[in-house]
Amino acid sequence: MGKPSFVVVGGGQAGLQICESLRKSGYDGDLTLVAEEATLPYQRPPLSKKFLAGEVEEARLLFRPAPYFEKLDVTVRLGTHASTLDAQGHTLTPSDGSVIGYDKLALTLGARNRPLPCPGGDTVGVHYVRSLEDSRGLALSLAQSQRLAIIGGGFIGLEVAAVAASMGKTVIVIEMQDRLLARVVAPRLSDFYADLHRSHDVVLRLGSAVEKLTSLADGIEVCISGPNGRSAEVVDCVVAGIGVQPNQELAEKAGLTCDGGILVDIHGRTSDPDIVAAGDCTMHDNGFLGRRVRLESVQNAVDQAKVAAGTMLGQEDRYCQVPWFWSDQYDAKLQIAGIGAGHDHAVLRGDVGNAAFTEFYFKAGQLIGADSINRPQDHMACRKLLAQSVPVTAAQIEDPQVDLMQLARQLAQ
Amino acid sequence: MPNVIYRQADGSEQTVDVPVGWSLMEAAVQNDVEGIVAECGGGCACATCHVYIDPAALESLPKINDMEGDMLECTAAERQPTSRLSCQIKMTAELEGLVVNIPDRQT
């Protein structure tokens, strides 16, 4: 009998991790990585941060150089769009027509940007930030622009705003909700970020929507409707960061169950026994949260991929890792541990005025997460406390004499 | 190009050419040096690129800033006076021949 053949579709963080985990676990069959982009797997976080700011060259974005994939014995097919998946027939057909057969398949297809729905959204040359190509293009445009409109006050929008404002550009952020990062942080953090950006002269238009974009001879007109009525701004560059949608179409057409992402169980398994999925494209059963969720983060991509790779090899690992995330804007390093949404009690540690504080979140007396600004020890302690399900009280958090890291280490033993 | 010697807990060594300006973490990851995980890709946000610097060379490194100092309290392997986060140390010509010891665990 010939060697097994495993195929990974999607050349991002999760796809690379699956390949690495398979080989590390001793898988010695054929392994192919099919990637749509023309570049080897690379880091996305710097695309809206250091790379955009011109502080890091492209070569340093790659996770691994080309020889690494030869050493790992992975056949990498770049610039290859996977058109059709035949789950029954166990074949994948790329757009060039050459059929790839597989015994086990991993879908790490990622997500794509939601396009701006307003008139003009598809004609004025709006910049999105997802791929290396996007970021290169935006960096060029930034260099030639003085005024920017950023549509979307989420992480992408705010990180780009921070880069642009630091370059001395005039920045206007337009956000539909009445506060920044409304989906992901509590009001205290939203306020902190609003103050932070305003202190760098970023104009925030909250509770506002873009009605229309129009190309002019000398720029782009952005029509905004907000709490105070309608207004128009003329800018040189428009960036949109209004969320992503999971790339589930390949799976959907193949008959796999999808619902706001490719549905996978706690082992990373799709509705097909020979297909797993991991990363931004999945709606998954999250062991830590105890519910089904779609997470968009490096941590999720990496940890889900590790579990999914195990599942391809017949192991039954469960995806229970504590979610964590970070964002860098100006001198503020935000680190998120767990998920604070749905909390009924919040406890502050540190000093908001000094931009060094953590808000810890409790629900029914249990610690569920924490958002830290420039307090990495709080963040790491929280991650450990959550990972080990260490019982900790709000009083202990509130007491600055309590060393949380030590508490986490002691109680974990 | 200056080089760095990465030494594993078992004593095995790898000599790696490191371009000036690259961090010790990046050079390790790009050259398949085992044991430096770097979960956050160099953002001083995860403490999984922890290394022990050869004591003789400690003085010639840039000082530990507050953020790195705080993160060093969170390493999996015990923090020593020689502990640094390799993502925070940029290669210079003066660091030629630097010996970097890799702890037995990062998580």
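Helices (H or I, at least four residues) and strands (E, at least two) are DSSP runs, numbered from the N terminus. I keep that at the top of the page, since my entries go by element. I also note that this is a predicted model.

**Entry: a loop between two strands**

I started with A:Ala355, which sits in the loop between strand 23 (345-351) and strand 24 (356-363) of chain A. Its phi is near 55°, a positive value in a residue other than glycine. I jotted down the background: most residues other than glycine have a negative phi. Next, I asked myself: is A:Ala355 buried, exposed or partly exposed? I found 17 other C-beta atoms within 10 Å, so A:Ala355 is partly exposed.

**Entry: a second positive phi**

I then looked up A:Leu181, in the loop between strand 10 (170-174) and helix 5 (187-198) of chain A. A:Leu181 is not a glycine, yet it has a positive phi of about 50°. For burial I needed the cut-off, which is 20 or more other C-beta atoms within 10 Å. A:Leu181 has 23 of them, so it is buried.

**Entry: helix 7 and what follows**

How far apart are the end C-alpha atoms of helix 7 of chain A? I worked out the expectation before looking. Helix 7 covers residues 298-312, and its 15 residues at 1.5 Å a residue should span 21 Å. The end C-alpha atoms are 21 Å apart, so the model agrees with the expected span. I was pleased with that one. Helix 7 of chain A is also mostly covered, with 15 of its 15 residues buried. Just after this helix, I came to A:Gly314, which takes a positive phi of about 90°.

**Entry: A:Arg60**

I went to the loop between strand 2 (30-34) and helix 2 (66-71) of chain A to find A:Arg60. I counted 20 C-beta neighbours inside 10 Å, so A:Arg60 counts as buried. I also took its distance to A:Ile242: the two are 182 residues apart in sequence, and 27 Å apart in space, C-alpha to C-alpha.

**Entry: where chain A meets chain B**

My last look-up was the contact between the chains, which takes 13 residues from chain A and 13 residues from chain B. On the chain A side, the elements giving two or more residues are strand 21 (324-329), strand 22 (332-338) and helix 8 (376-387). Which of them gives the most to this side? I found that it is helix 8 of chain A, with 3 residues. By type, the chain A side that touches chain B divides into 7 nonpolar, 3 polar and 3 charged residues.

Methods. Residues are numbered from 1 along each chain as its sequence is written. Chains are lettered from A and ligands numbered from 1 in the order in which they are written. This is a predicted model: local features need pLDDT of at least 70, side-chain atom pairs count only at pLDDT 80 or more; totals for chains, interfaces and linings use all residues. Two residues are in contact if their C-beta atoms, placed from the backbone, lie within 7 Å. Ala, Val, Leu, Ile, Met, Phe, Trp, Tyr, Cys and Pro count as nonpolar, Asp, Glu, Lys and Arg as charged, and the others, Gly among them, as polar. The expected span of a helix is 1.5 Å times one less than its number of residues. A residue is buried if 20 or more other C-beta atoms lie within 10 Å of its own, exposed if 12 or fewer, and partly exposed in between; C-beta atoms are placed from the backbone.
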